[in-house]
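Colleague: I'm new to reading protein models, and I'd like to go through one with you. Could you take me from single residues up to the whole chain?

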Amino acid sequence: MSKVKSAFFCQQCGFESAKWLGKCPACQQWNSFVEEIKHKDTKPVANRWQQDNHASSGIVKLHDITTVDERRVITPDAELNRVLGGGIVPGSIVLIAGEPGIGKSTLLLQIGLQLKDQIVLYVSGEESDQQISMRAERLPFSNQQLYLLTETDTQKIFQEVKKLQPDLVIIDSIQTLQTPFIESSPGSVSQIRECAAEWQRYAKATHTPVILIGHITKDGSIAGPKILEHMVDTVLQFEGDRHYAYRILRTLKNRFGSSSELGIYEMTMTGMKAVMNPSEILLSSKEDSLSGVAIAATMEGLRPFLVEVQALVSPSAYGTPQRTVTGFDLRRLQLLLAVLEKRAGFPFAMKDVFLNIAGGLKVEDPASDLAVLCALLSSYEDQPLQHHVCFAGEVGLSGEIRSVNRIEQRIAEAEKLGFEKMLISRNNFKNLQKSNATIEIIPVSKVEEVFRLLF
Ligand code: TYD
Ligand code: MG
């Protein structure tokens, strides 16, 4: 007889407790405990995915380990390779998380279809075979070796996997899976944790890469316990505004590469298309200058980007002025407004301020500060900035323009796109290698100086 047992789990971090707690002792979250039924596992462990030849290998000298050159699977998708740090590592487990409808299933199906000569198993717990095949018909790729399985029971999936011996497994999605060894419902913390652990054992034992699709909760974090992110090797976030065609695949964690990489796709009628030269599409090609627009030379990962910052400053109609941002940190905007007010004497306290990063992009690079500041000044004065000028500099609390990293790459990108002038920090300017660049570099050290140069 098996014994039914329940326990309380923190929905935030997966902490397990025998009794209900108001505050999680592990992650300090309030009111996050939910009771889940655990099935006391009395079946022989051999029923589970067994790593037959994966018994503990005992202590070994690091020196004695001969590393086999891990041959990554280079996918035909350059953007995916980039965010994974150069292809899929065998035996790795990748989590791709994103909001509903953002295109996770489409992206992974098209990757499966593009991996010719590889046996790919696409497991779906969300859609039927017909739905997946209808989606595949819209995509301009085909792979004779792509297999579909609509199943949510992990043990049944493993049985099929043993027969098929795939080269890549795609799970859509981890929240729909259910292991029979735990009795709580799919999507609960203990289910997600256990299912992910089973796939992790499978991936490590067979050296097969596994890609898990994950959902995102209302507040934008990956649904399920934080421990899920710790268990996997790579976490990618698929984001973008559903009203825009552009989608961004961002690396949040990567055991095999840089964790600040970014891939850009465009959602088209025939699937996701990689965007190779993002700056060109992110800048509007209007020839007439508008007030409140400035171009920032930012970096995302190792890639330089030019993005358009749009600001609107208008007299405040109500007592409390509004500050609204899209794609930029609100607190960072408030800081920049305070700097402008204190150091350059602009009374923003009486103004509503709206800030938008064009193209639905989110900018986190501090080097975009200078462009934000110039866009604000331009809108305040209602004067357009000069044509073909871009900006790269961090703004400090005392109004100083601080240097930013990889300035040479930013300058090269601006030059490539035909910009004629670029404002950068004086500290960056001092260390700049002499180059035969045709772009004019203007050094600035204070906010006041920027204002004099612009108008
Ligand atoms: P989907 O991959 O189902 O999103 P997720 O798995 O993240 O929930 O994406 C669904 C959206 O993508 C849907 O609104 C239709 C659109 N779409 C295209 O625009 N072009 C296409 O070629 C395909 C297959 C879907
Ligand atoms: Mg989906």
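Colleague: Let's start with L290: does L290 count as buried or exposed?

Modeller: You count the C-beta atoms around the residue, and 12 or fewer within 10 Å makes it exposed. L290 has 12 such neighbours inside 10 Å, so it counts as exposed. Keep in mind that this is a predicted model.

Colleague: Where along the chain is L290 found?

Modeller: Look at the loop between α7 (278-282) and β13 (293-300); L290 is in there. Sequence distance and spatial distance are separate things, by the way. L290 and S378 are 88 residues apart in sequence, and their C-alpha atoms are 8.9 Å apart in space.

Colleague: What is the phi of Q28, and where is that residue found?

Modeller: Phi is a backbone angle, and here we look at its sign. For Q28 phi is near 65 degrees, a positive value in a residue that isn't glycine. Q28 is in the loop between β2 (16-17) and β3 (33-39). It has 11 C-beta neighbours inside 10 Å, so Q28 is exposed.

Colleague: And what is the phi of D117?

Modeller: About 60 degrees, so again positive without being a glycine. D117 lies in the loop between α2 and β5 (120-124). With 8 other C-beta atoms within 10 Å, D117 is exposed.

Colleague: Which peptide bond is cis?

Modeller: For this you check omega, the angle about the peptide bond. The bond from D172 to S173 has omega near 0 degrees, and it is cis. S173 is found in the loop between β7 (168-172) and α5.

Colleague: Now the inside. How many residues does the largest nonpolar core have?

Modeller: A core is read as a network, and you look for the residues with the most contacts in it. The largest one here has 59 residues, and L95, I96, I170, I171, W199, V210 and L212 have the most contacts inside it. Helix α5 (residues 189-206) gives the largest share, seven residues. Domain 1 (1-42) and domain 2 (74-274) each supply at least three residues of this core.

Colleague: Which residues is L95 in contact with?

Modeller: Leaving out neighbours within four places in sequence, L95 is in contact with L212, G214, L228, E229, V232, V235 and L236. Another core lies apart from the largest one, with 53 residues that include V309, A311, Y380 and L423.

Colleague: Which residues come nearest to ligand 1?

Modeller: Start with the shell, meaning the residues around the ligand. There are 14 around ligand 1, and K104, S105, T106, R138 and G271 come nearest. Helix α2 (104-114) and α3 (129-138) each supply at least two residues of that shell, and α2 gives the most, with three. By class, the shell has four nonpolar, seven polar and three charged residues.

Colleague: How do domain 2 and domain 3 relate to each other?

Modeller: You can look at their centres and at their contacts. The chain is divided into domain 1 (1-42), domain 2 (74-274) and domain 3 (281-454). The centres of domain 2 and domain 3 are 37 Å apart, taken over C-alpha atoms. Eight residues of domain 2 are in contact with six residues of domain 3. On the domain 2 side, three of these are nonpolar, three polar and two charged.

Colleague: Last one: where is confidence lowest, and where is it highest?

Modeller: Check the average before the extremes. The protein chain averages a pLDDT of 86, and 92% of the residues score at least 70. Confidence is lowest in α7, at a mean of 75, and highest in strand β18 (residues 394-395), at 96. For the complex, the predictor gives an ipTM of 0.96 and a pTM of 0.78.

Note on methods
Residues are numbered from 1 along each chain as its sequence is written. Chains are lettered from A and ligands numbered from 1 in the order in which they are written. This is a predicted model: local features need pLDDT of at least 70, side-chain atom pairs count only at pLDDT 80 or more; totals for chains, interfaces and linings use all residues. A nonpolar core is a set of buried Ala, Val, Leu, Ile, Met, Phe, Trp, Tyr and Cys residues joined through C-beta atoms within 7 Å. A residue is buried if 20 or more other C-beta atoms lie within 10 Å of its own, exposed if 12 or fewer, and partly exposed in between; C-beta atoms are placed from the backbone. Helices (H or I, at least four residues) and strands (E, at least two) are DSSP runs, numbered from the N terminus. Domain bounds come from an automatic or database domain assignment. Two residues are in contact if their C-beta atoms, placed from the backbone, lie within 7 Å. A residue is near a molecule or strand if its C-beta atom, placed from the backbone, lies within 6 Å of it. Ala, Val, Leu, Ile, Met, Phe, Trp, Tyr, Cys and Pro count as nonpolar, Asp, Glu, Lys and Arg as charged, and the others, Gly among them, as polar. pLDDT is the predictor's confidence in each residue, from 0 to 100.
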